[in-house]
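Colleague: I am new to this structure and would be grateful for a close look at a single part of it. Please take the backbone of one chain and explain it step by step.

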Amino acid sequence: MKKLINATDRICEEMVEGFVAAYGRRFDLRRLEGMTVVVKNTIPAGRVAVVTGGGSGHEPLFLKAVGPGMADAAVTGEIFTSPPPAPIVAAVRAVERGAGAFIIHGNYAGDNMNFELAAEELQRQGVPTYTLRVWDDVASAPADRREERRGMTADIFMIKLAGALAERRASLRDMVPVMERAREGCRTIGVALSSATVPATGRPTFTIGDDEMEIGIGMHGEPGVGRTRLAPADEVAEEMISRIVADLPFRRGDRVAMIVNSMGATTLMELFLVTRKAHKVLARGGIEVHDTRVGPLFTCQEMAGCMITLMRLDDQLVELYDSPADSPDFIFTRGTPVPPAADPTGGSR
Amino acid sequence: MSAALLRCEDVINLLRAAARRIDRESARLSELDAACGDGDHGVSMARGFAAVDAALRGARFESPAAVFQAAGEALVGSAGGAIGPLLGTLFIEASRALEGAGPAGEASARGVDTRALAAAFRAGAAGVCRRGGARAGDKTLVDALLPAVVALEEAAAHGLDPAAALRDAATAARAGASHTATMVARQGRARYLGERALGHEDAGANSIAVIFEAFSDARGAPGSDRQ
């Protein structure tokens with residue numbers, strides 16, 4: 001293992017300290033004392049709070065999703081390990097302003113249990129919450145057992161839309177059907193070319209040959225559909241898009257938002273090759289791409305590989321999607337999308 | 001070995017012995033996890049049980065139930081992942097069962113007999129299954145925990161004292177953990193491996209075996225049953 005770290009058991013704490021040192025002032029954020037939790041300082045009364053979180057090691061998520069029009073708090077655990085209930089409860093208490101909290105996390109056993117325990121405690125304390133489990137990965141269970149699927153890059157879309165609904169002063173109850181509809185229209189698949197190394201163990205999580213790739217990889221390097229020979233970017237993109245499109249299925253005339261995500265080590269150069277082909281395949285199928293986000297947005301340490309996420313949009317979701325948001329890594333503006341620096345291509349309209 | 005009751009300080013000793021054993025075996029537990037998961041199970045276990053040790057060290061408790069409660073809360077509060085809530089639930093539900101015991105055996109501030117201990121871990125195991133949704137055969141820690149509970153219940157039926165009961169539970173938990181190598185996972189991250197998980201023992205089941213082995217050795221150690 002070759003990583004810039006001090007001590008493995010202090011990484012997460014030191015990372016959050018560095019994050020707040022960098023962005024605390026500009027984004028009006030602070031860390032909750034003694035916890036790997038980042039919260040916004042200023043939240044209007046009576047607005048639903050949006051809280052997200054999960055294990056660390058996936059940066060920029062979850063920390064960089066905190067900002068205006070996005071999340072109000074991010075709760076992080078140890079690397080690839082869900083946070084315990086106490087910091088989740090503390091995060092919600094720190095940002096909740098009388099209208100309850102909308103909580104978003106990936107569908108993993110550990111996250112499910114810890115967030116459930118936190119919600120039970122919050123209910124005892126009289127704080128209403130609704131928890132949305134994100135389950136967009138097509139590789140981890142068949143379509144009729146979606147609630148067994150893993151949560152992947154669609155977390156970002158869910159945080160964006162929940163933030164927009166909260167800014168519009170939607171009530172917790174009114175947010176639920178919109179968010180559930182948006183979630184049901186999200187599909188993701190990942191491909192890994194190399195393994196991640198969890199600092200605490202210092203060894204690659206899995207072994208994979210120089211000429212191999214794993215299709216259907218999970219956010220922590222869990223295996224998916226299976227191993228094949230490494231193929232050219234065009235073939236990989238075509239295979240990924242066709243698996244996603246067939247699963248929902250997305251149909252001719254659908255509008256989508258897309259994420260082409262690096263798992264960590266894969267360069268923007270490679271991602272744009274994948275993006276180029278993905279756009280061609282979608283255009284061929286008559287699927288309109290409203291916006292594309294390209295970059296390392298939800299990573300798995302230094303794993304090489306990528307993920308593609310599509311979210312089906314309707315008029316209401318487009319309006320929410322395009323509403324202004326500004327966090328350290330996720331910038332959205334109304335009208336003609338002005339993408340973040342990592343996304344010079346924009347959409348394909 | 002003849003003490004019929006586990007007293008408050010005995011329960012503290014058992015759990016602190018488990019903390020030491022988990023710390024020692026943490027690398028091996030992570031290695032088991034690396035075969036089917038992300039390889040950090042031992043780290044989470046060590047973090048959780050270090051918190052248990054810190055909560056019990058030098059503290060005074062009114063009853064064995066209170067000790068189990070404190071251990072459970074320490075695990076939920078520190079370990080994170082799936083293992084924190086699951087092991088935390090095991091001890092918290094065991095504590096609740098001890099507080100409400102009575103017909104199931106003797107469980108009081110004075111101590112816990114084998115019947116009450118078995119009933120407590122039965123309740124704890126039921127809580128674990130409820131919280132995690134796992135059943136026997138899913139290749140999870142439940143596959144070591146349920147055999148251990150059955151062994152405790154059989155020991156109680158045969159009138160064995162807690163030390164003998166914990167010995168049987170340790171043997172049963174270890175056998176259960178070994179048996180997980182023949183299973184295809186239906187819960188947890190290993191389930192994505194399908195048949196690729198065959199031949200690998202479940203890391204969580206191994207942790208349960210390690211915990212009961214530590215309990216057993218602590219009770220069997222010279223001087224541990226001073227009256």
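Does A:Asp28 count as buried, partly exposed or exposed, and at what relative accessibility?

Modeller: Please bear in mind that this is a predicted model. A:Asp28 has a relative accessibility of 31%, and because buried means under 20% and exposed over 50%, A:Asp28 counts as partly exposed. A:Asp28 sits in the loop that runs between α1 (11-27) and β1 (29-31) of chain A. Its backbone deserves attention: the phi of A:Asp28 is near 55 degrees, a positive value in a residue other than glycine. Most residues other than glycine have a negative phi, and most peptide bonds are trans.

A second residue of this kind is A:Phe80, with a phi near 60 degrees, again positive in a residue other than glycine. A:Phe80 belongs to the loop between β4 and α2 (85-95) of chain A. With 3% relative accessibility, A:Phe80 counts as buried.

The peptide bonds of chain A also merit a look. A:Glu59 and A:Pro60 are joined by a cis peptide bond, with omega about 15 degrees. A:Pro60 is located in the loop between β3 (49-56) and β4 (73-79) of chain A. Another cis peptide bond links A:Leu248 to A:Pro249, where omega is about -5 degrees. A:Pro249 is placed in the loop between α6 (233-247) and β10 (255-262) of chain A.

A glycine completes the account: A:Gly126, just after α3(A), adopts a positive phi of about 85 degrees. The helix α3(A) itself covers residues 109-124, and its buried residues include A:Phe115, A:Leu117 and A:Leu122.

How values were computed
Residues are numbered from 1 along each chain as its sequence is written. Chains are lettered from A and ligands numbered from 1 in the order in which they are written. This is a predicted model: local features need pLDDT of at least 70, side-chain atom pairs count only at pLDDT 80 or more; totals for chains, interfaces and linings use all residues. Side-chain values use heavy atoms; hydrogens and water are left out. Helices (H or I, at least four residues) and strands (E, at least two) are DSSP runs, numbered from the N terminus. The expected span of a helix is 1.5 Å times one less than its number of residues. Buried means under 20% relative accessible area, exposed over 50%, partly exposed in between (1.4 Å probe, protein chains only).
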